[in-house]
Amino acid sequence: MTMTMTPALLVALAASTAAPDAEIKAAAERMAPALVEIRRDIHKHPELGNREVRTGKLVADRLRALGLEVRYPVARTGVLGVLRGAKPGRVVAVRADLDALPIQEVNDVPYKSEVPGVKHACGHDAHTAIVLGTAEVLSKMKDRLPGTVVFLFQPAEEGPPEGEEGGALLMIKEGALDDPKVQAIFGLHTDPFLNVGQVGWAVGPIFASSDTFTIEVQGKTTHGAYPDTGLDPIPVASEMVEALQLVVSRQTNAQNPKVLTIGQIHGGNRFNIIADKVVMQGTVRTLDEAVRKDIKERMARTVKGVAEAHGTTATLRYEDDGNPATMNDEALTRASVPSLERVCGKANVLEVKPQMGAEDFALFAERVPGLYVKMGIRNEARGIVAKMHTPDWDIDESVLPLGVRTLSTLVWDSLAPPPRARR
Ligand SMILES: [Zn+2]
Ligand SMILES: [Zn+2]
């Protein structure tokens with residue numbers, strides 16, 4: 001075919017493959033009450049990581065009712081649904097997370113958590129409702145859908161219980177990206193720093209890497225009045241805490257964000273006994289893989305050096321379930337911003353700075369081009385201002401239909417990207 005691509009023809013071609021905006025909008029708005037109902041049902045029945053039995057079943061049942069091919073369970077309690085469109089196109093995945101947190105709900109709302117000490121305080125109930133809604137909207141248009149959509153409902157985003165595998169890594173190990181082979185992945189997180197209606201994006205890092213470490217300083221116990229007859233690990237540990245902060249503030253480039261937090265320190269059992277050892281636990285956050293690796297090496301040197309200076313020994317152990325920074329693929333992100341603007345309006349689509357919180361979506365985005373966006377849920381007039389992981393967290397539920405429109409549009413547009421001009 002030797003047709004010249006005129007601008008008018010390009011527009012027509014783009015229009016034929018871009019998402020049917022008005023239809024998606026109408027469908028999402030029609031399902032708003034149902035989305036609220038699903039979100040509240042999940043909110044009332046929160047389940048911790050790797051224990052999302054009820055939530056996983058609810059999702060699997062709904063996907064089956066929509067006619068999707070369903071794999072369940074995946075990664076213990078997770079669900080994978082495949083929607084094959086009638087038209088040829090790419091394979092694109094959408095991911096939601098299922099788990100709640102060990103936090104007592106304090107909000108007096110009709111959908112208050114019915115499980116003592118457990119609450120959806122990170123918006124995963126909303127993410128699940130939004131991705132279920134997206135599956136519904138797209139499944140009703142599958143006669144025109146250009147490609148295949150894989151819906152991933154992942155357990156244990158907040159981390160599996162100690163000693164268990166789980167989360168994004170286990171989904172990947174169990175083939176979540178393999179059959180059909182996923183070419184791009186989208187996800188969203190509710191965000192209390194943005195007003196409802198707004199959506200945030202970034203190229204490159206949007207969430208930080210997260211690693212957990214344990215330091216053990218070995219001493220030798222003795223009477224508290226005669227420290228010279230033993231080896232006191234407490235002042236050595238104190239010096240280590242300070243030396244580790246110097247790694248962050250003095251040894252690494254200030255223009256690369258990073259956090260090193262020691263959140264726990266345990267040692268000793270009586271005021272007049274020298275402790276036999278001190279155990280410290282903490283976390284390191286970075287936005288860059290090289291910085292992440294560099295800090296790890298400097299920490300090892302610091303821990304060893306400080307211990308040796310005082311004639312003690314110490315070990316630094318990094319847990320192996322850390323995850324890299326969540327990196328948004330540049331080409332996918334830039335191609336998707338116009339889709340976001342069509343849904344949310346140009347003024348509501350904001351380029352945001354990355355946060356030092358972490359997300360295991362990073363592990364998917366490490367393997368296939370990914371875009372993770374932040375959906376505003378803040379509504380000051382209604383008192384919805386709480387931060388994630390707090391007992392009074394809530395969302396403005398009008399984010400639910402907007403989230404469905406956002407994901408449906410992002411997915412559709414990336415299944416069949418508009419053709420590029422030929423020269
Ligand atoms: Zn969280
Ligand atoms: Zn979360």
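In which strand is the place of proline 73? In this predicted model, proline 73 has its place in strand β1, which spans residues 69-74, and the peptide bond that leads into it from tyrosine 72 is cis, with omega near -5°. A cis peptide bond is also found from aspartate 179 to proline 180, where omega is near 0°; proline 180 belongs to the loop between α6 and β5 (184-195). Most residues other than glycine have a negative phi, and most peptide bonds are trans.

The chain as a whole comes to eleven helices and 15 strands, and its C-alpha atoms fill a box of roughly 90 × 55 × 45 Å along the principal axes. Of its 423 residues, 52% count as buried. When contacts between residues at least 6 apart in sequence are taken, 80% of them join residues at least 24 apart.

Two zinc ions are bound by the protein, beginning with ligand 1, for which the protein donors are Cys122 (SG), Glu158 (OE), Glu158 (OE) and His389 (NE2), at 2.0 to 2.8 Å from the ion. Along the chain, the donors of this zinc ion follow the spacing C-x35-E-x230-H. The angles subtended by the four donor atoms around ligand 1 run from 51 to 153°, and the arrangement is therefore irregular, given that a tetrahedral assignment would require all angles to lie between 85 and 135 degrees. Cysteine 122 and glutamate 158 link distant parts of the chain, 36 residues apart, with cysteine 122 in the loop between β3 (87-97) and α5 (124-139) and glutamate 158 in the loop between β4 (146-154) and α6 (167-173). Cysteine 122, at 6% relative accessibility, counts as buried, whereas glutamate 158, at 29%, counts as partly exposed.

For the zinc ion of ligand 2, the protein donors are Cys122 (SG), His124 (NE2) and His189 (NE2), which lie 2.1 to 2.4 Å from the ion, and their spacing along the chain is C-x1-H-x64-H. The two zinc ions lie 3.2 Å apart and are bridged by cysteine 122. Histidine 124 is placed in helix α5 and has a relative accessible area of 0%, so that it is classed as buried. With neighbours within four places in sequence left aside, histidine 124 is in contact with Asp97, Leu98, Asp99, Glu157, Glu158 and His189; among these contacts, His189 is also a donor of ligand 2, and Glu158 is a donor of ligand 1.

The loop between β4 and α6, which holds glutamate 158, also contains alanine 156 and proline 160. Alanine 156 has a positive phi of about 55° although it is not a glycine, and its relative accessible area of 1% makes it buried. Proline 160, by contrast, is partly exposed, with a relative accessible area of 24%. The C-alpha atom of proline 160 is separated by 10 Å from that of leucine 170, ten residues apart along the chain. Apart from residues up to four places away in sequence, proline 160 touches Asn50, Glu165 and Gly166. Asparagine 50 lies in the loop between α3 and α4 (53-65), and its phi, near 65°, is likewise a positive value in a residue other than glycine; with a relative accessible area of 5%, asparagine 50 is buried.

Two helix pairs complete the description. The axes of helix α3 (residues 32-44) and α5 come within 8 Å and cross at roughly 140°, in a crossing that is right-handed. In this contact, Leu35, Ile38, Arg39, Ile42 and His43 of α3 meet Asp125, Ala126, Thr128, Ala129, Leu132 and Gly133 of α5, and by class these residues divide into six nonpolar, three polar and two charged. Helix α2 (residues 21-30) packs against helix α11 (residues 399-415) at an angle of about 145°, with the axes 9 Å apart, and this crossing is right-handed as well. The residues that meet are Asp21, Ile24, Lys25, Ala28 and Glu29 in α2 and Pro401, Val404, Arg405, Ser408 and Thr409 in α11, a contact with four nonpolar, two polar and four charged residues.

Conventions:
Residues are numbered from 1 along each chain as its sequence is written. Chains are lettered from A and ligands numbered from 1 in the order in which they are written. This is a predicted model: local features need pLDDT of at least 70, side-chain atom pairs count only at pLDDT 80 or more; totals for chains, interfaces and linings use all residues. Side-chain values use heavy atoms; hydrogens and water are left out. Four donors count as tetrahedral if all angles lie between 85 and 135 degrees; four count as square planar and six as octahedral if opposite donors are over 155 degrees apart and all others between 65 and 115; anything else is irregular. Helices (H or I, at least four residues) and strands (E, at least two) are DSSP runs, numbered from the N terminus. Buried means under 20% relative accessible area, exposed over 50%, partly exposed in between (1.4 Å probe, protein chains only). Axes are lines fitted to C-alpha atoms, for helices over the stretch in contact, and angles run from 0 to 180 degrees between N-to-C directions. A crossing is left-handed if the near helix is turned anticlockwise from the far one by less than a right angle, and right-handed if clockwise. Contact means heavy atoms within 4.5 Å. Ala, Val, Leu, Ile, Met, Phe, Trp, Tyr, Cys and Pro count as nonpolar, Asp, Glu, Lys and Arg as charged, and the others, Gly among them, as polar.
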